[in-house]
Amino acid sequence: MMIRRLAILGVGLIGGSLARALREAKAVGEVVGCGRGEANLRRAVELGVVDRYTHDVGEAVDGADMVFLAVPLGAMRGAFAAMKGRLAEDAVVTDGGSAKASVVADARAVFGGLPAWFVPGHPIAGTERSGVESSFATLFHNRRVILTPSETTDKDATARVDAMWQSAGAEVCYMSVEHHDRVLAATSHLPHMLAFGLVDALARMEEQDEIFRYAAGGFRDFTRIASSNPRMWRDICIANKDALGDMMEAFASEMRDLAETIRRGDGEHLLEIFERAKAARDAFVDGIGERAKRNDENPGTRS
Ligand SMILES: NC(=O)c1ccc[n+]([C@@H]2O[C@H](COP(=O)([O-])OP(=O)(O)OC[C@H]3O[C@@H](n4cnc5c(N)ncnc54)[C@H](OP(=O)(O)O)[C@@H]3O)[C@@H](O)[C@H]2O)c1
């Protein structure tokens with residue numbers, strides 16, 4: 001068995017899906033869940049996602065050789081503090097938080113330096129839903145997981161986390177913490193701000209009833225992620241405020257240029273922008289399809 005006992009702190013979409021995936025892959029012995037609410041954890045046992053649960057972090061990590069933090073970013077520091085002095089000798093700790101500098105700062109603050117057994121990570125997979133009920137075993141199939149170990153992170157700890165994610169069907173890649181936070185500000189955090197901002201702006205317009213009545217498929221596709229968990233996103237924005245703030249400024253200037261181009265009636269320039277964007281988007285979608293096909297044909301060798 002690859003993992004003897006896995007402690008999942010925060011048995012929601014991400015934590016629940018990892019537990020399910022590892023169970024399906026027969027890569028884990030026992031799974032212990034931890035959270036605050038009773039109902040979600042009871043449901044996690046009913047669904048077979050965890051074997052047992054506790055509300056006490058220290059008790060959850062007791063004897064666990066792998067600990068996965070899947071709580072919102074604002075709860076990471078408290079979780080580290082609660083596991084301090086309670087971890088097993090061979091325990092490796094990793095997380096799935098959507099921003100990495102804040103989690104690393106939390107670990108440093110609690111442990112007085114970055115522990116060698118902590119491997120920061122982020123699965124680039126998700127949906128707009130939360131809680132164990134919305135978790136599923138294939139969430140990470142053919143998806144990337146970014147690990148951001150430091151120079152002082154134990155190589156064996158990193159290898160164990162890497163192997164865990166591969167068992168869950170993911171493709172593991174590596175980045176520095178700072179690079180991760182800049183890239184994710186652009187590819188995930190900014191698009192979420194656009195969706196939240198657009199829907200909120202329209203909802204506050206006087207004609208909002210009429211606007212939503214005539215909204216069609218395109219609006220629904222574009223705004224799906226505005227149904228994401230507001231608290232989780234509040235935490236992500238605060239955790240990644242500098243990189244996201246910069247990205248939003250750059251985007252605002254792009255929007256101003258676009259508005260001017262439209263006002264000028266400069267069709268040629270508009271066509272240039274839209275053709276460039278369409279080519280980039282088509283190539284991105286084709287790339288996803290190709291990767292999934294390659295991995296499905298060749299499940300042992302994920303590139
Ligand atoms: N959703 C995504 O698309 C996505 C993608 C990649 C990474 N992530 C990251 O993964 C983590 C979990 O996200 P998720 O989507 O799985 O959220 P989720 O479904 O809401 O699950 C989070 C779990 O953490 C527990 N929790 C919430 N607040 C807590 C607190 N203050 N202290 C302790 N436990 C708390 C909750 O249980 P109780 O309320 O019972 O405590 C809940 O089961 C976040 O750090 C997020 O940034 C999310």
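# Briefing on a predicted protein model

Setting aside neighbours within four places in sequence, aspartate 65 is in contact (heavy atoms within 4.5 Å) with Met2, Ile3, Arg4, Arg5, Asp90, Ala91, Val92 and Arg160. This is a predicted model, in which local features need pLDDT of at least 70 and side-chain atom pairs count only at pLDDT 80 or more, while totals for chains, interfaces and linings use all residues. Residues are numbered from 1 along each chain as its sequence is written, and side-chain values use heavy atoms, with hydrogens and water left out.

**The protein as a whole**

- The protein has twelve helices and nine strands; these are DSSP runs, with helices being H or I of at least four residues and strands E of at least two, numbered from the N terminus.
- The radius of gyration is 21 Å, which agrees with the value near 19 Å for a compact globule of 303 residues; the radius is taken over C-alpha atoms, and the globule rule is 2.2 Å times the number of residues to the power 0.38.
- Along the principal axes, the C-alpha atoms fill a box of roughly 65 × 45 × 40 Å.
- Buried residues make up 40% of the 303, where buried means under 20% relative accessible area, exposed means over 50%, and partly exposed lies in between (1.4 Å probe, protein chains only).
- Of the contacts between residues at least 6 apart in sequence, 73% join residues at least 24 apart.
- About 16100 Å² of surface is accessible, and 53% of that belongs to carbon and sulfur atoms; the areas come from the Shrake-Rupley method with a 1.4 Å probe, and for residues only the protein chains shown count as cover.
- The protein has 37 positive and 44 negative charges, and their mean positions are 4 Å apart. Lys and Arg count as positive and Asp and Glu as negative, without His and the chain ends; each charge is placed at NZ of Lys, CZ of Arg, CG of Asp or CD of Glu.

**Aspartate 65 and threonine 54**

- Back to aspartate 65: this residue sits in the loop between α3 (57-61) and β4 (66-69).
- Aspartate 65 counts as buried because its relative accessibility is 7%.
- Valine 92 is 27 residues away from aspartate 65 along the chain, yet their C-alpha atoms are separated by 6.1 Å.
- Threonine 54 belongs to strand β3 (residues 52-54) and is buried, with a relative accessible area of 7%.
- A polar atom of the threonine 54 side chain lies 2.8 Å from the backbone nitrogen of aspartate 56.
- Beyond neighbours within four places in sequence, the contacts of threonine 54 are Val32, Gly33, Cys34, Gly35, Leu41, Glu59 and Ala60.

**Glycine 96 and helix α5**

- Glycine 96 is in the loop between β5 (92-95) and α5 (101-111), and its 13% relative accessibility makes it count as buried.
- Not counting residues up to four places away in sequence, glycine 96 touches Phe68, Leu69, Gly121, His122 and Pro123.
- From glycine 96 to proline 120 there are 24 residues in sequence and 7.5 Å in space, C-alpha to C-alpha.
- Helix α5 itself holds valine 104, which is buried at 9% relative accessibility.
- Valine 104 touches Leu114, Pro120 and Val177, again leaving out residues up to four places away in sequence.
- The C-alpha atoms of valine 104 and arginine 77 are separated by 9.5 Å, with their positions 27 residues apart along the chain.
- Ser102, Val103, Val104, Asp106, Ala107 and Val110 are the buried residues of α5; their cover includes α4 (76-83), β5, β6 (118-119), α7 (177-203) and α10 (230-239).
- Just after α5 comes glycine 112, with a positive phi of about 70°.

**Positive phi outside glycine**

- Most residues other than glycine have a negative phi.
- Lysine 26 is not a glycine but has a positive phi of about 55°.
- The loop between α1 (13-24) and β2 (28-34) is where lysine 26 lies, and at 66% relative accessibility lysine 26 counts as exposed.
- Asparagine 142 also has a positive phi, near 60°.
- This asparagine 142 lies in the loop between β7 (121-123) and β8 (144-147) and, at 13% relative accessibility, counts as buried.

Notes. Polar contact = N/O pair within 3.5 Å; in protein donor to acceptor, adjacent residues only side chain to side chain.
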